[in-house]
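Dear colleague,

I am handing over the structure we spoke about, and below it you will find my notes on what was found. Please read them with the stated cut-offs in mind.

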Amino acid sequence: MGGRNGFSPHKKGERHAILIPNRTRGKPSKKRKERLWTMKRLFQYLKPDTALLAFTLFIKVIGTMMDLVIPWILGKILDEIVPICTKENLWPIFQWGGYMLICAVIAYFGSTWANRNSAKVARNVVGKMRGDLFDRILRLSPHQTDTFTVPSLVSRMSSDTYFIHNMVLQTMRSGIRSPILLIGGIVITLAIEPVLSLSLIVLLPFLALIVTHISKKGVKLYRLKQEKADRMVEVVRDNFSGIRVIKALSKVDFEKEHFQKINVELSRSEEKAGKTMARSHPIISMFLNLGMTMVILLGAFRVLSGHTMPGQIISFMSYFTIILNATIAITRIFTVISKGAASAGRIDEVMRTPEELLVQAAEPKKEDAPFVEFQDVSFSYNKTIPTVEHISFALRRGESLGIIGGTGSGKSTIIQLLLRFYDIDSGRILLDGRDIRSLPHSELHTLFGVAFQNDFLMADTLSENIRFARSIGGQELEKATEVAQAAEFISQLEDGFSYELTAKGQNLSGGQRQRVLISRAVAGTPPILILDDSSSALDYKTDSNLRAALAEKMREVTSIIVAQRISSVKNCDHILVLEQGAPIGYGTHEELSQSCGVYQEIAQSQMGELNA
Amino acid sequence: MKQEPNSRKYAGRNVYLRLFGYLLAFPGTALIAIFLVFSSNILALIGPELSGTAIDAIRYDFETHTASVDWHVLLLYCFLMVLFYVASAVLSFILSTLMISYSQKITRKLRKELFDKLLDMPVGYFDQLQAGDVISRISYDIDTINTSLANDLLQIFTSLISVTGAFICMLRISWQMLLIFLVTLPLSIGYTVWKTKKVRPLFRRRSAAIGNLNGYTEEMLSGLKTIKAYGREKQFLSRYQGQNRETMDAYYMADYQSASLGPSVNFISNLSISIISVSGACFYVTGLLSPGRISSFILYGRKFSGPINEFSNILSDLQSLRSAAERVFSLMDEFPEKPDDPDAIELSEVRGEVEFDHVKFRYTPEREIIHNLSLKVPAQKTVAIVGPTGAGKTTLVNLLMRFYDVQHGRILLDGVPIEKIRRRDLRRAYTMVLQETWLFNGTVAENIAYGADNPTREEIENAAKEAGIHRFILSLPQGYDTYLADGGLNISKGQKQLLTIARSMLSKAKMLILDEATSNVDTRTEIKIEKAMLRLMENKTCFVIAHRLSTIKNADLILVVKDGDVVEMGNHKELMQKGGFYAELYRSQYQ
């Protein structure tokens, strides 16, 4: 078939995920050992289908053999059957023609059946692998998630699993067929005429060398190209999110030029990779065709010396074509496998990360202990500069804590520690007197209703966003939205609770989003309610209504409220004032107004104008 | 302004015609390509003819069992074979190299046009589009066009030459055998058409399924922390598994149906070989045909049926080419911002006097956002716009900067209607700090420098000092040369905002827009940068949008916006005395 090879690494007609920058690439060292690991794991996924796999292979081999037998019959007809036939008796020719037909039919059914099984195996393997990967990602600690980065995890889940599917399917379909055709072709030519096949065997090492050399180079170049493609995506993303600023600063032409530079760079590297890969096809064709010429020349001598017949030369020609196509197919499979292996490595990297945040031995509840307690807790993200230090507080059931402090003072970190997203460096965090490290995750994480800053909303109904896969009844739902001051706007929506949100809740305003998130947090009346700066987009009036509703209807709930406004925390039972990770005040509003300078300063900055 | 990005539908032919236009954009390359395709295919067609003659030079007599070789013919033809095969390899290498350059040229052009178009789009357009969607058009869809366009064209061209050439050659060898051979033709064509019809919708479903799954994955992974916090891992895993299973089944269905495609192509080719072998042998026996001719015929037969079997592949390629091109073109055909009037004036000196004259505005026909607003802002005064969320505060900014055009009334800058001013100049007259900070992938210094024309390092540092972020920057690993990746994920919201404030400090614009500029900065930090903010506001006409009322108390004029109406207007004192909506809002924040 004319030149549709080597143009692009993508298989056509298939849509795979958007190319997402992939930052955590494996280091080239200790690669071999890792690769072995990866392959071992891959084979584990094939294990459940072993029987099917073996049987498929068997059928595939038989089907492929048939393709090899056909040219052999052709030679036989020409050299052995024709001489015994006369014009009146052509029957033996038809008989052997019938055999050819039978082979063709067997090949058809065998290959079709095997291909269908390959599709099944590929489905099973990739479906299972993707599920396992998702499962593992759900159990990664936030620290591990941050290290991988979410975009990188997304691309592992989408394009990498896609490449593996492609690898399994293609390998089973033509990756097995091609080597059989290649080896079978060589064996049969050897059987027909060992001397003639020498001309082919001499060529093979050269071919192998050339093919591996070119593909190695090509794979490197494609990796380079992929990096450039990532860069381009980055620029488009930047421009997309910053369009207002770009237009406001009249930087449009500058950005266009910038993009064009990357565009050209990407295209050049793609061109280079493509051209490198494009070399292999003409070279292979040329070598094998030259081999064919050799066969005819050599064949002439062999026919003269009575060792062979012209018909055999003709079947040789057919075998050469088969071998040629098989070699080209094998080079393609190489690319597919190397891509798949790279992807398998990236997936395995996630699967292999050791479990963090393990649960320790259970501890008994202490009756008289406070419900939530921090005892001299210190923690640092990078283990050098402390993020928060010497944090202590204790809350009884139904009490509330307000945390206030400047940007980057460590307010949100305290929340993350309480949720055990990270393990603390020193001190203890206790719930009912039990260290949170001794609580199973399933028990710990059903205690909270949380609304983070810019929290997660999904493309689903409003009620499902509030319910969030918990079993919460309709009445509870309504109560939650009333407390969260969301009931009013929801009732104004045409579909009410069944209103379909778009991704990230983009079809709601900022204030509406926050109220939905607060509804989620209070729904089901969790033992501990955490609001992390989650009223910042609310105007003061709505905010004060919210506070009143929380105080009235969530009385039995222990709550922790992180805020920048004094007004949001001033009615809390305890207020913790943070500056650069250190507690610089702890007490009630009245106490702090007397004793804590920083608190007074904050209050001043927000309330000073009241008297104006 | 609410246009669906995909609103325009194409008649299929238009898309192809338009693509064809891109092919013709490089006529030189196209001509050479056509020439090369032609000659390399002719060369390929001569091959079997040569080998056939060479084989026939070796004669074997079955009666006497003796062989004879016509060495003269054999050597000549073997030599010719070597020549032709080398030439054809060289040609096909040059051809594929050329085609790669060719398609890359087209790709570059398409990508550039698409991106340029994108940046010329009104800002409102970006509010409706997903970044991921645009990225998939600019990378994946253009990639598809890149692979398909040049390849398919080459393929069609090659096939035409091969099929006709092979047909003629076969005819020359034996018309009787050709007749027999052609029996398989309707079979293969019929089969491919039938199969394609059956498979295509399955592949479409498969693409849709994988698209859905990827979207779902991206969404769920962005919510990891929340899922964890609520301990809902199991529930979301099982939901994911449901989607995953659906996708894999769609894959399986498509693969199952297409599983027979390859083998059947192979079968038809084997079938024709069997038929040719049998009939060829019969002709051989009757002395009508030599073995060499039979060999040539078989080789030509493969060349003939190959492209016909490939036909279904080309069809599905063209299908995906078309849908990719449609997506690219539909984006390209969106209305750009209205170009500047030909007689639009250049702004050289801006005083900064702004007037709204009976302005009405609506984003969608159903809902008017601004009903009849008239307002005059003298130069260097500060106007504050307050009101509950969603009341239309940001709309005013969109209108000032001409991100949207008003439907009724006029907005004047220094007495000139803003439609009469070059957009570039109009926007340059403003500098702004928005609630949503924008930092791009680049160094800290680059991010601050953006917006001014090549400021010196000293100017950059001064701006950072004024914004009160200099010390923080110095504490970063590489100071001003620290690379901010992923929109500055590695620094806090407040610091990001300070960086964009520093960016505005560099601007020499006469008007300033602060859209909730300090809402991400805590109040104490805010006080610390207030001095800097005041310096930024000096000698500028300022528009301040805020819901934190303390920041706007000193404004010369306060507009209170509610449900798109300006319900109150005046300075702080007047409004407090009035005891209306503003006073209520103001008091509620200290309850």
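Two residues are taken to be in contact if their C-beta atoms, placed from the backbone, lie within 7 Å. Axes are lines fitted to C-alpha atoms, for helices over the stretch in contact, with angles running from 0 to 180 degrees between N-to-C directions, while helices (H or I, at least four residues) and strands (E, at least two) are DSSP runs numbered from the N terminus. On those terms, helix α12 (residues 393-400) of chain B lies across β5, β11 (511-515), β12 (541-545) and β13 of chain B, and runs at about 150 degrees to β12(B).

This is a predicted model, in which local features need pLDDT of at least 70 and side-chain atom pairs count only at pLDDT 80 or more, whereas totals for chains, interfaces and linings use all residues. Residues are numbered from 1 along each chain as its sequence is written, and chains are lettered from A and ligands numbered from 1 in the order in which they are written.

The strands under that helix belong to an open sheet of six strands in chain B, with the order β8-β11-β12-β5-β13-β14 and mixed pairing, where two strands pair if DSSP finds at least two bridges between them. Its edge strands, each pairing on one side only, are β8 (430-434) and β14 (565-570) of chain B, and the twist from one strand to the next averages 15 degrees. Within the sheet, β5 (residues 382-386) and β13 (residues 557-562) of chain B pair in the parallel sense over four bridges, and B:V386 stands opposite B:V560 in β13(B).

Turning to chain A, there are 20 helices and ten strands, and its C-alpha atoms fill a box of roughly 120 × 55 × 50 Å along the principal axes. Of its 612 residues, 49% count as buried (20 or more other C-beta atoms within 10 Å of a residue's own).

The largest nonpolar core, meaning a set of buried Ala, Val, Leu, Ile, Met, Phe, Trp, Tyr and Cys residues joined through C-beta atoms within 7 Å, has 233 residues, and those with the most contacts inside it include A:V168 and B:M170. Helix α10 (residues 310-352) of chain A gives this core its largest share, 18 residues. A second, separate core of 79 residues includes A:I243 and B:M533. Leaving aside residues up to four places away in sequence, A:V168 touches A:V121, A:A122, A:V125 and A:V126.

Best regards

Key:
A residue is buried if 20 or more other C-beta atoms lie within 10 Å of its own, exposed if 12 or fewer, and partly exposed in between; C-beta atoms are placed from the backbone.
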